[in-house]
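Please open the model in a viewer and keep the sequence panel visible. The tour begins with the whole chain and then turns to a group of strands.

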Amino acid sequence: MPDTTPTGLTRLAFGGDYNPEQWPETVWHEDVRLMREAGVTMVSVGIFSWALLEPSPGEFDFGWLDRLLDLLHENGIRVGLGTPTVAPPAWFYREHPDALPVTADGTRYEFGSRGAICHSNTDYRSAAAAITTQLATRYGDHPALALWHVHNEYGVPVSACYCESCAAHFRRRLVATYGTVEQLNEAWGTAFWGQRYTDFAQINPPRVTPTAGNPTQALDYKRFTDATIRENFVRERDILHRLSPGVPVTTNFMTALSQCDSIDYWAWGREVDLVTNDHYLITDGRRTHVNLAMAADITRSVAGGAPWLLLEHSTSGVNWQPRNPAKAPGQMARNSLGHVARGSDGAMFFQWRQSRRGAEKFHSAMLPHGGTDTRVWREVVELGAAVDSLSAIRGTRTQADVAVLWDWQSWWAQNLQWRPSEDHDPRERADAFYEALYDRHLTVDFAHPEADLSAYPLVVVPALYLMTEAAGNNLREYVENGGTLVVSYFSGIVDEHDAVHEGPHPGALRDVLGLTVEEFSPLLKDERIRITGPDGSELSGDVWSEFVVPRGAETVWTYADGLAAGHPAITRHRLGEGSAWYVSTRLDVHGLDVLLGWAADDARIAPRADLPHDVEVVRRTGESGTFLFVINHSALDAKVPLEAHGTELLTGERAAGHLGVPAGAVRVVRLDG
Ligand code: GAL
């Protein structure tokens, strides 16, 4: 059995992507000296090195990597070794131009960046297997080796390819899925617009069409793409397991919903030995620490609650957004320790030394262009010491309060063409509900709609357009057994083939919600409507309204204006031991907070009014104890009540009663007992 933690690593992981091939070897010695100064325990190496390791077909140059791994080993630095299959060399594409991916409109990408891969291409598959075999044979038992890091961020920058080889591979998958073309016709609803097929050979990828294409074909292509990419990961992983037994294999995910939308991470979480993630702040004016917490919670959930590892984030600004602000003093530490609080057994960066050449030279690094006499370097050294003082948390698990349901496949389906409103965005709903829960100081697990939910007093469904019957039954059982459910509009509408469930909407949820939806009535751009609550107070909604008919549910808020005026806007259905709430318009974060207040009462979740706004309090527990992380994102000093005495690990001070956390600071208390 492979390890599920980096082999031989006895502290938390701290370090980054290390690309020494961009520097003369004399610099490497300075690198390792400074790594030791910063407390670096692990680096990721070789991720983009194929062209250097195999300068021409079948000719290998491992000398530099031998020397590098030995040097790192001599200095006690563990290595996550990349398989460089995200960046095939120029000679490979010269020989196999068909391995370059093709867009839906027939454009073939060129060599000259990275990640230009058609994942169905058999030449690519053989070449990737061959270089992986070479590396595993040579370094499989190298004493520095802690982790295999396969490829890089599968799913970006290109996911789907629409070439002929993909078309053939797609047809094979369709035969395996549907068996007969009649079954496929039924599932895809090809009676519509005369799209009927009489042979699998007639079916192509969903390339550019004059108007809306077949939605189920497009959805199946998303599934096909994800599965095809995963086949390539599994092939490399199996080679590594065979030739390098015991060493865990990972590939770095990008679970933030804003950063990759083509990978079904529920499926991928089951394939890796250790879940690892990359996270970058998206500076679009929203609260970046909330987005970070959400990504970390998704990652932990994909890992089934087990510790995971943040493999990349940035020390300061990135260079690929329209505007790339530097991080404020202390922000890097808050970011790093925010991930650790939510289950990461370490904090790693892209990258160790800032590049002088290439497309990423303006991306921050642990060791900036300015060298060691810089704020970033001083903060890196300070963070290295902080991370080191937290070693005891390795292996402990983050404790969640509530669950949010999320499903990448439902997201794909929802984003197909021709929906009732382009303003409804499932990701936005997930973000908004998450933010409202975050502001109530509730720690969130994400869960698949068919997962066991019995551990959670409250389950929130922000936007699950596609829901199987099994998922609907799962939610009904959850509520009947005493759970509290909150469902937002346009959920439970279609089955796994994007076919509307039979009968009135929302087919998968009618019973549990105790209502039907007669008609959707999306609002016009910038249109707002008011809804009135039980005590006459008002909330406002936008984007969506609908005609809800209670069939067992009670009406709690009513539309005060708009086409649905006088009709129910928010309902509650008491079912068995629990209750199911339904909200049929898009509430802002304030409105969601009010709604969640009612639901939290039903779920008997006590309000955490004693915790200040933007002060994040998260708990990890395990054999080594209970650790309370307090991250003060606000500009005010904060005081947080402690339920037990303990020791603050970053300052070494004793803590009792209340814990003072200065503005912008992080504290981690190991509770006594
Ligand atoms: C990541 C990628 C790294 C680097 C980084 C820059 O997505 O894995 O190689 O490009 O972005 O932010």
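The stops below proceed from the overall view to single residues.

**The whole chain.** Display the complete chain, bearing in mind that the model is predicted. Its secondary structure comprises 17 helices and 29 strands. Rotate the C-alpha trace along its principal axes: the spans are about 75 × 75 × 45 Å. A compact globule of 673 residues would have a radius of gyration near 26 Å, and the chain agrees because its own value is 26 Å.

**Interior and surface.** Colour the chain by accessibility next; buried residues account for 59% of the 673 residues. Then show the surface, where about 26200 Å² is exposed and carbon and sulfur atoms supply 49% of that area. Among contacts between residues at least 6 apart in sequence, 72% join residues at least 24 apart.

**Charges.** Select the charged side chains: 58 are positive and 87 are negative. The centres of these two sets lie 3 Å apart.

**Strand β13.** Select residues 458-461, which form strand β13. Which way do the side chains point? Leu458 and Val460 point one way, while Val459 and Val461 point the other way, and all are buried.

**The neighbours of β13.** Add residues 402-405, strand β11, which runs parallel to β13 and is joined to it by 2 bridges. Here valine 404 has valine 460 of β13 as its bridge partner. Finally, add residues 484-488, strand β14, which also runs parallel to β13, with 4 bridges joining the pair. Valine 461 has its bridge partner in β14, namely valine 487.

Notes: Residues numbered from 1 in each chain as written. Predicted model: local features only at pLDDT ≥ 70, side-chain atom pairs only at ≥ 80, totals over all residues. Heavy atoms only, no water. Rg over C-alpha atoms; globule rule 2.2 N^0.38 Å. Buried < 20%, exposed > 50% of the residue type's maximum accessible area, 1.4 Å probe, protein only. Contact = heavy atoms within 4.5 Å. Areas by Shrake-Rupley, 256 points an atom, 1.4 Å probe, with all protein chains shown as cover. Lys, Arg positive; Asp, Glu negative; His and termini not counted. Charge placed at Lys NZ, Arg CZ, Asp CG, Glu CD. Pairing = 2+ DSSP bridges.
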